[in-house]
Amino acid sequence: MSETVDASSRSMSGLTAERSSPPRSAVGYVVFSCVVGAAAGTAALASQFGFLPSDLAKKAGQAHSIAMVLYVALPALLGGFGALLAPAELRRGVGASAICARLLSLSLVLMIASLLLFFGAAGAAMSVWGGPVWCLGAVVMATSVLSRILDSRTSVVSGERRSAHRFSLFLWTQVAAAAGLLFSVPVLAAGLTRTLVSGASAPDVLTSFETPAMIIVLVAALGLASRAFEPAAGQDDDPGVSALESNVGRAVVVAAGVGGPVIWAHAMMAHQTLVPVVSFEIGLAALCSLTFGALWMSRLWRRAVSFAGRGGVPLLWTSGFFVVLLSGWTVGVAEGDSVHAAVLSASALALFGAFYGWLDSAGRWYPAVAARFQFLFMFAGSILGSLAVSHAGGALQIVSGVAFGLSLLALVVVALGVFLGERSTDGATITQVAR
């Protein structure tokens, strides 16, 4: 009888290990976000240098912010790297992971369909029909993220309830961002549906969603950045201080990631003016940025950090994320557009930091020199772009565009190295690693 139980336990353990692997649709989300981001960035550069007709340039400018928030930042942060990195952070069997993987795949299909409706149709239908489909995809994506993480606390193996481990800051930010989407997106869908029925224009509804979306993007990006400086188990020199810092970080991300979207949803449902709501949400975003900036400096102060070697590449991107984010608040705190641009630019740095960290953990080789040049150009472009927005500098905007263009070229070199190199970080081939 005991042998049967042991065999069953071993079988369940193997099943659990298989279930805890990242879903393939997460890679699809990363590819989807990269393709849309590259297309939007290329269109923005072409418009900036006058390569597009005036009418097309105006449409590209209007669609750029929508594409970057709805189809690049949110899908990449939650459906992409969130789903890729969460299984390793959970360290537990997830009984509902098969269902979560299907939900994530369904949400990716809905996102692609929404993108085609947004930019493949003409006139008001571009926004009205694409919006509700995106809302449905976002709700399914958030449900998948929450189900995967929360189910890990009640996974059952051999009839015994597993004790829940302590969630990392990254997992807390994923929960807060997904919950914020679930609270706010149905209200956005209701507003878009009302415009569909009444025949009104949808951009005003989408514009009102920019601030809660910015908070959700910021919270998820802070979670990715926290993985680079949060100490591993058993490697913390001062666990008491780290526990206090983690508790503060959790409280702040829950208050901002859930509270901000809930307040916006209430104001929309009650038909209240959004001016004080936007001011309050920007205050929550500033609180999040300053808190995690302080945590970043505290962790760097208490541990030896080296940016040399391949392991320093993700840390370099993460440090650039905090510099761009905090400088954006310093430069444009009085201008909402500057704040939004700084959050999006900084989130891109956090995404690439997570991307290179994921490549290291997966044993994939990439040209580290090209990755550093990509960081240098993107970091310079983000800083100069923030200064150009706040000071209306035409020359700065041109130099920023050139820097972003060089960053895209460096990314192409990195991508070629990843797909053609087929080596792990220790020099072995991928086939050897698999064996």
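This section describes helix packing, aromatic pairing and the surroundings of one buried leucine in a predicted model.

The protein comprises 16 helices and two strands. Of its 435 residues, 47% count as buried. Among contacts between residues at least 6 apart in sequence, 82% join residues at least 24 apart.

Two helix pairs were examined. Two packed helices are described by the angle between their axes and the distance between the axes. For helix H6 (residues 130–151) and helix H7 (residues 169–198), the axes come within 9 Å and cross at roughly 155°. An angle over 145 degrees counts as roughly antiparallel, and H6 is therefore roughly antiparallel to H7. The crossing of H6 past H7 is left-handed. On the H6 side, the contact is made by Gly131, Pro132, Trp134, Cys135, Ala138, Val139, Met141, Ala142, Thr143, Val145, Leu146 and Ile149. The H7 side contributes Leu171, Gln174, Val175, Ala178, Ala179, Leu181, Leu182, Val185, Pro186, Leu188, Ala189 and Leu192. Classified by residue type, this contact of H6 with H7 holds 21 nonpolar and three polar residues, with no charged residues.

In the second pair, helix H9 (residues 210–229) and helix H11 have axes that come within 10 Å and cross at roughly 5°. H9 and H11 are therefore roughly parallel to each other. From H9, the contact involves Thr211, Pro212, Met214, Ile215, Leu218, Val219, Leu222, Ser226 and Phe229. From H11, the participants are Val278, Glu281, Ala285, Cys288, Ser289, Phe292, Leu295, Trp296 and Arg299. The contact of H9 with H11 has 13 nonpolar, three polar and two charged residues.

Aromatic pairing was considered next. A search of the whole structure yields twelve aromatic pairs. In one of these, the ring centres of Trp296 and Phe322 are 5.1 Å apart and the planes lie at 10°, so the pair is stacked. Trp296 belongs to helix H11 (residues 275–302) and Phe322 to helix H12 (residues 312–332), so the pair ties together parts that are 26 residues apart in sequence. With a relative accessibility of 12%, Trp296 counts as buried; Phe322 is likewise buried, at a relative accessible area of 0%. Trp296 also takes part in the contact of H9 with H11.

A tilted geometry is found for Trp317 and Phe352, whose rings are 5.2 Å apart centre to centre with 35° between the planes. Trp317 lies in H12 and Phe352 in helix H13 (residues 336–362), so this pair ties together parts that are 35 residues apart in sequence. Both Trp317 and Phe352 are buried. The two residues form one aromatic cluster together with Phe355, Tyr356, Tyr366, Phe375 and Phe379.

Leu325 is also placed in helix H12. At 0% relative accessibility, Leu325 counts as buried. Not counting residues up to four places away in sequence, Leu325 touches Leu218, Leu222, Ser289, Val343 and Ala346. Of these residues, Leu218 and Leu222 are contributed by H9, and Ser289 by H11, to the contact of H9 with H11. Leu325 and Ile383 are 58 residues apart in sequence, and their C-alpha atoms are 9.5 Å apart in space.

Key
Residues numbered from 1 in each chain as written. Predicted model: local features only at pLDDT ≥ 70, side-chain atom pairs only at ≥ 80, totals over all residues. Heavy atoms only, no water. Axes fitted to C-alpha atoms, helices over the stretch in contact; angles between N-to-C directions. Helix = DSSP H or I, 4+ residues; strand = E, 2+ residues; numbered from the N terminus. Parallel < 35°, antiparallel > 145°, perpendicular 65-115°, else oblique. Left-handed = near helix turned anticlockwise from the far one by under 90°. Contact = heavy atoms within 4.5 Å. Nonpolar A, V, L, I, M, F, W, Y, C, P; charged D, E, K, R; others polar. Phe/Tyr/Trp six-rings, centres within 6.5 Å; stacked < 30°, edge-to-face > 60°. Buried < 20%, exposed > 50% of the residue type's maximum accessible area, 1.4 Å probe, protein only.
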